[in-house]
Amino acid sequence: MTSDARPAAPRSTAALLREQAGWCQTLGSSLYGALLAKCADDLESGGPVADVLAGHEDDPARSALALRLMGAVHRLVLEGRAAALAAFYPSMGGDPERPGAWEAFREVVRRHTSELRQLVERPVQTNEVGRCAALVGGFVTIARETGMSLRLLEIGTSAGLNLAWDRYRYEARASAFGDPASPVRIDDVFTGAEPALDVAVRVASRRGCDLAPLDPRRAEDRLTLQSYVWPDQGDRLRLLRGALEVAQREAVEVERAHAIPWLTSALATPSIGATTVVFHSVMIIYLEREERARVRAILDAAGERATAEAPLAWLRLEPPGKQLAFELRLTLWPTGEDRLLALAGPHGRPVEWRV
């Protein structure tokens, strides 16, 4: 069946594209905002976007269908297989302000329909290094308050880039942390108050789990990670590429596992002489309600076993709702005190430190 003959997709799918277009505009990607709005129109009219997304009418919103589509096309651009579209993608040196971006995008979708149908089956895989801008404040707070080394456990780890947070450089107005020679530099992110970063932190161990982990040493997986970064957001891409460079020297092993059994096993026995830190960033929202409750129950049970000699910390950066200000929260056992440490942007900056 030709794309002109395809029946229009349900409006709900187009609505998801338009909603994501709005978020992209709000979060500083005018290129994706404009292209996704056009994609919604094309889908409703039975164009090539409808061919690619056929069969996904019932995909849940949390599956990020719009970003799966954009990531699939960006992948072709990064591979050098869509030269006309690359002229509009800053990730390849293009100019997004030039007229004609939609026409070039639509032609790529039309020419690569079969391959794109396969690529959109993949889940969105991001490892947003910029979120370390907020997470670092939590880690130094934990280290300062417990005076112990950190045993890091991350769920939803992707390629493990945020598990290597201490190998990056952070600079605030009054203090700094990390390797001054690191290719990952995060500075000027705090809008008012800021955490004291000049804290000695020793990482005793680091482990992570993910349902579909990526290996930053594999070219295919590095391409996957870059494809899901919005091409007109150079700072995000710069941080990712710097972190991938660090990972070539010191990659973190990530286990293929679901968070619930993995956490159950990892927290079965308290770690004497170190603070166990369970952390995640923009991950819990992708779990079912029952799974979220189970994760909380596992942490609460482990918190009851925590002692001053074997503390447990739960550090998470998650959206409290459909808001642009994500919450960095810390629960520290054995007391079980829960605190809001900061508010941060979805991709990390800016950070509004609260304590």
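How many nonpolar, polar and charged residues does the lining of the second largest cavity have, by class? The tour gets there at its third stop.

**Before you start**

This is a predicted model: local features need pLDDT of at least 70, side-chain atom pairs count only at pLDDT 80 or more, and totals for chains, interfaces and linings use all residues. Residues are numbered from 1 along each chain as its sequence is written, and side-chain values use heavy atoms, with hydrogens and water left out.

**Stop 1: helix 12**

Select 289–305. This is helix 12. Helices here are DSSP runs (H or I, at least four residues), strands are DSSP runs too (E, at least two), and both are numbered from the N terminus. Helix 12 has 17 residues and reaches 25 Å from its first C-alpha to its last. That is close to the 24 Å expected at 1.5 Å a residue; the expected span is 1.5 Å times one less than the number of residues.

Now colour Val295, Ile298, Leu299, Ala302 and Gly303. These are the buried residues of helix 12. Buried means under 20% relative accessible area, exposed over 50%, and partly exposed in between (1.4 Å probe, protein chains only). The five cover an arc of only 135° around the axis, which puts them on the same side of helix 12. The arc is that of the directions from the helix axis to the C-beta atoms. An α-helix has 3.6 residues a turn, so residues three or four places apart point the same way.

Turn to the face away from the buried side. It carries the exposed residues Arg289, Glu290 and Glu304. Then show what the buried residues of helix 12 pack against: strand 1 (149–155), helix 11 (259–266), strand 7 (274–281), strand 8 and strand 9. Contact means heavy atoms within 4.5 Å.

**Stop 2: the second largest pocket**

Stay with helix 12. Add strand 8 (312–318) and strand 9 (326–333). Each of these three elements supplies at least two residues of the lining of the second largest pocket. On a 1 Å grid over the protein atoms alone, a pocket is an open set of points with protein on both sides within 12 Å along at least five of seven lines; a cavity is a set of points where a 1.4 Å probe fits but cannot get out; lining residues have an atom within 4 Å of a point.

Which residues lie nearest the centre of this pocket? Select His280, Ile284, Trp314, Arg316 and Glu318. The whole lining has 13 residues: six nonpolar, one polar and six charged. Ala, Val, Leu, Ile, Met, Phe, Trp, Tyr, Cys and Pro count as nonpolar, Asp, Glu, Lys and Arg as charged, and the others, Gly among them, as polar. The pocket volume is about 260 Å³. Grid points are joined across faces, edges and corners, and a volume is the space filled by probe spheres set on the points.

**Stop 3: the cavities**

A search of the whole structure finds four cavities of 30 Å³ or more. The largest has a volume of about 90 Å³. Its lining includes Arg151, Thr276, Ala302, Arg305 and Leu312. By class, that lining has seven nonpolar, three polar and two charged residues. Ala302 is also among the buried residues of helix 12.

Next, the second largest cavity, with a volume of about 70 Å³. Select Gln125, Thr126, Asn127, Glu128, Val129, Leu225, Val229, Arg236, Leu239 and Leu240. Here is the opening count: five nonpolar, three polar and two charged residues. The largest share of this lining, three residues, comes from helix 10.

**Stop 4: helices 10 and 9**

Select 234–249, helix 10. Its end C-alpha atoms are 23 Å apart, which agrees with the 22 Å that its 16 residues should span. Its buried residues include Arg236, Leu239, Leu240 and Gly242. The buried residues of helix 10 pack against strand 4 (185–187) and helix 9 (219–227).

Move to helix 9. Asp221, Leu223, Thr224, Leu225, Gln226 and Ser227 are buried there. Their cover includes helix 4 (65–78) and helix 10.

**Stop 5: three single residues**

- Tyrosine 170 lies in strand 2 (residues 169–171). At 2% relative accessibility, tyrosine 170 counts as buried. Beyond its neighbours within four places in sequence, its contacts include Cys132, Trp165, Phe177 and Leu197.
- Glutamine 20 sits in helix 1 (residues 11–26). Glutamine 20 is buried, with a relative accessible area of 16%. Leaving aside neighbours within four places in sequence, glutamine 20 is in contact with Leu36, Ala66, Leu67 and Trp230.
- Proline 48 is in helix 3 (residues 48–53). Proline 48 is buried at 1% relative accessible area. Measure C-alpha to C-alpha from proline 48 to threonine 113: they are 65 residues apart in sequence and 7.1 Å apart in space.
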